[in-house]
Amino acid sequence: MEEILGPVAESTGEASKFSVNTFETEEKELGIQTILTFVDTLGTQLGAEYLDTTLKVVYPLVNYTLNDQVRASAAGVLPAIVNCMTGDKEAKAKEFIEYLWKTLTTEYDPDTQSMQLQAVKECIENVGLFLT
């Protein structure tokens, strides 16, 4: 991919401001939406081992560089995971908020930024008042 997009980035001077829509990125987004459906439907019945596996899949996609919709969808899964946790929700929510905030500082798409901020808001709402 770099050999294809490298010359374009050099000529425009904007190496990270593009979004690629391919079958693969559409499949990733569909997979994320499916994961979100499972997490929302099963809630606390989703076991901790499945939550860990889900996080291993979704976490890197929050920073997926090729497609902004994949990043936005992945960010939307994080609050749902906090909502279905039974243990220490506060620590995980704080971790997600910090991660989303770092991602927000490098995000260039305003719609994706909005979705990431919405995810931060939902993480806070799902845990309650823990920042006091």
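This report walks through the fold, one helix pair and the salt bridges of a predicted model.

## Overall fold

Let's start with the big picture. The protein has six helices and zero strands, so its pattern along the sequence reads α-α-α-α-α-α. Of its 132 residues, 38% are buried.

The accessible surface comes to about 8,000 Å², and carbon and sulfur atoms account for 56% of that surface. Turning to contacts between residues at least 6 apart in sequence, 66% of them join residues that are at least 24 apart.

## Helix 4 against helix 6

Two packed helices are described by the angle between their axes and the distance between the axes. For helix 4 (residues 68-83) and helix 6 (residues 110-127), the angle is about 0° and the axes lie 8 Å apart. Angles under 35 degrees count as roughly parallel, and helix 4 and helix 6 are therefore roughly parallel to each other.

If you would like to find this contact in the structure, look on helix 4 for Asp68, Arg71, Ala72, Ala75, Leu78, Pro79, Ala80, Val82 and Asn83. Their partners on helix 6 are Thr112, Met115, Gln116, Ala119, Glu122, Cys123, Asn126 and Val127. By class, this contact between helix 4 and helix 6 has 10 nonpolar, four polar and three charged residues.

## Salt bridges

The structure holds four salt bridges, and three of them are described here, going along the sequence. In helix 2 (residues 23-42), Glu24 and Lys28 sit four residues apart, about one turn of the helix. Their side chains meet in a salt bridge, with an N to O distance of 3.8 Å. Glu24 is partly exposed, at a relative accessible area of 49%, and Lys28 is also partly exposed, at 26%.

In helix 5 (residues 89-106), Lys92 and Glu95 are three residues apart, which separates them by about one helical turn. Lys92 forms a salt bridge with Glu95, and their closest N and O atoms are 3.4 Å apart. Buried means under 20% relative accessible area, so Lys92, at 21%, counts as partly exposed. Glu95 counts as partly exposed too, with 34% relative accessibility.

Helix 6 comes up again here, with a salt bridge between Glu125 and Lys121 whose closest N and O atoms are 3.3 Å apart. Glu125 and Lys121 lie four residues apart in helix 6, about one turn of the helix. Lys121 is partly exposed, with a relative accessible area of 40%.

Definitions and conventions: Residues numbered from 1 in each chain as written. Predicted model: local features only at pLDDT ≥ 70, side-chain atom pairs only at ≥ 80, totals over all residues. Heavy atoms only, no water. Axes fitted to C-alpha atoms, helices over the stretch in contact; angles between N-to-C directions. Helix = DSSP H or I, 4+ residues; strand = E, 2+ residues; numbered from the N terminus. Parallel < 35°, antiparallel > 145°, perpendicular 65-115°, else oblique. Contact = heavy atoms within 4.5 Å. Nonpolar A, V, L, I, M, F, W, Y, C, P; charged D, E, K, R; others polar. Buried < 20%, exposed > 50% of the residue type's maximum accessible area, 1.4 Å probe, protein only. Areas by Shrake-Rupley, 256 points an atom, 1.4 Å probe, with all protein chains shown as cover.
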